[in-house]
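This briefing sets out the fold, the strand pairing, one helix and the main pocket of the structure shown below. Please read it with the sequence and the coordinates to hand.

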Amino acid sequence: MTTSVTRRLVAGTAFLLATTLLATLVTAQSGKSKESAEARLQRFADKEEIENVLLTYGRSLDSRDFATYSSLFAADGEWVGGFGSVKGPANIKAFMEKNMGTGPNRAHNYHLLSNFVISVNGDTATAWSRWAFVVPGERGAVISQAGRYDDTLVREDGHWRLKRRVASNDTAAPTQK
């Protein structure tokens with residue numbers, strides 16, 4: 001073979017190798033991007049479901065619907081707060097009924113929930129949020145207490161549930177008159 005043929009053969013082989021390598025990298029990147037997009041979509045869906053759990057918690061607490069409230073906890077879920085602590089949905093339901101009563105919310109007090117920070121890692125997640133307890137009065141509504149929730153969540157039977165919720169007060173409890 002002549003030198004010019006050898007050079008063309010080497011250049012052609014190098015070109016084919018470079019093209020093959022480039023095609024392999026592009027295919028790998030597009031597959032990676034697709035997985036990444038699917039993972040991002042799942043994370044957004046998980047965060048939305050978790051946010052709905054947190055908001056349903058507040059609605060069911062304020063309406064004294066402790067059956068729905070307790071169903072938001074995992075089978076071994078735990079609630080920790082100003083009343084004490086308790087584990088398991090049935091125990092949480094009984095605990096809240098004892099401490100808050102079983103009748104309707106005649107005082108029309110309610111919680112404001114905000115500042116959700118949710119981090120998802122597969123089938124577990126953490127959430128942090130703020131709460132304020134609003135009490136209507138003759139001269140308007142006042143924030144009686146305020147604090148934060150520190151949550152650990154778990155995907156159980158395909159749904160997000162509270163594994164552990166810690167309700168902390170950042171203000172002093174109201175004084176009794």
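The largest contribution to the lining of the largest pocket comes from α3, which supplies three residues. The model is a predicted one, and its chain of 177 residues has 29% of them buried. Three helices and six strands make up the secondary structure of the protein, and along the sequence they are arranged in the pattern α-α-β-β-α-β-β-β-β.

**The largest pocket**

- The largest pocket holds about 470 Å³ of space, and its lining is formed by 19 residues, among which F83, M100, H111, W131 and Q145 lie nearest the centre.
- Two or more lining residues come from each of the elements α1 (3–62), β1 (73–81), α3 (89–100), β4 (124–137), β5 (140–156) and β6 (159–169), with α3 giving the largest share.
- In chemical terms, the lining of the largest pocket is made up of 11 nonpolar residues, seven polar residues and one charged residue.

**Helix α3**

- The 12 residues of α3 should span 16 Å at 1.5 Å a residue, and the C-alpha atoms at the two ends of α3 are 16 Å apart, so the expected and the modelled lengths agree.
- Three residues of α3, namely I92, F95 and M96, are buried, and because they cover an arc of only 95° around the axis, they lie on the same side of α3.
- An α-helix has 3.6 residues a turn, so residues three or four places apart point the same way.
- On the face of α3 that is turned away from its buried side, the exposed residues are A90 and K98.
- After α3 comes G101, a residue whose phi is positive, near 90°.

**Pairing of β1 with β2 and β6**

- Strand β1 pairs in the antiparallel sense with strand β2 (residues 84–87) over four bridges, and in this pairing W79 has V86 in β2 as its bridge partner.
- The connection from β1 to β2 is a hairpin that runs through two residues.
- Strand β1 is also joined to β6, in this case by four bridges and with the two strands running parallel; F73 stands opposite L162 in β6.

**Pairing of β4, β5 and β6**

- Strands β4 and β5 pair in the antiparallel sense over 14 bridges, and the bridge partner of W131 is G147 in β5.
- W131 is also one of the residues that lie nearest the centre of the largest pocket, and β4 and β5 are both among the elements that give two or more residues to the lining of that pocket.
- A hairpin through two residues joins β4 to β5.
- Strands β5 and β6 likewise pair in the antiparallel sense, over 10 bridges; within this pairing, D150 stands opposite V166 in β6, and V154 has R161 in β6 as its bridge partner.
- In a regular strand the side chains alternate between the two faces of the sheet.

**Residues with positive phi**

- Which residue takes a positive phi in the hairpin of β5 and β6? That residue is D157, whose phi is near 55° in a hairpin that has two residues between the strands.
- D157 is not a glycine, yet its phi is positive, at about 55°; D157 is placed in the loop between β5 and β6.
- With a relative accessible area of 75%, D157 lies above the cut-off of 50% and is therefore classed as exposed.
- N115 likewise has a positive phi, of about 55°, although N115 is not a glycine, and its place is within strand β3 (residues 110–121).

Key:
Residues numbered from 1 in each chain as written. Predicted model: local features only at pLDDT ≥ 70, side-chain atom pairs only at ≥ 80, totals over all residues. Heavy atoms only, no water. 1 Å grid on protein atoms, 1.4 Å probe; cavity = no way out; pocket = protein on both sides within 12 Å on 5 of 7 lines; lining within 4 Å. Points joined across faces, edges and corners; volume = space filled by probe spheres on them. Nonpolar A, V, L, I, M, F, W, Y, C, P; charged D, E, K, R; others polar. Pairing = 2+ DSSP bridges. Expected span 1.5 Å × (residues − 1). Buried < 20%, exposed > 50% of the residue type's maximum accessible area, 1.4 Å probe, protein only. Arc of directions from axis to C-beta.
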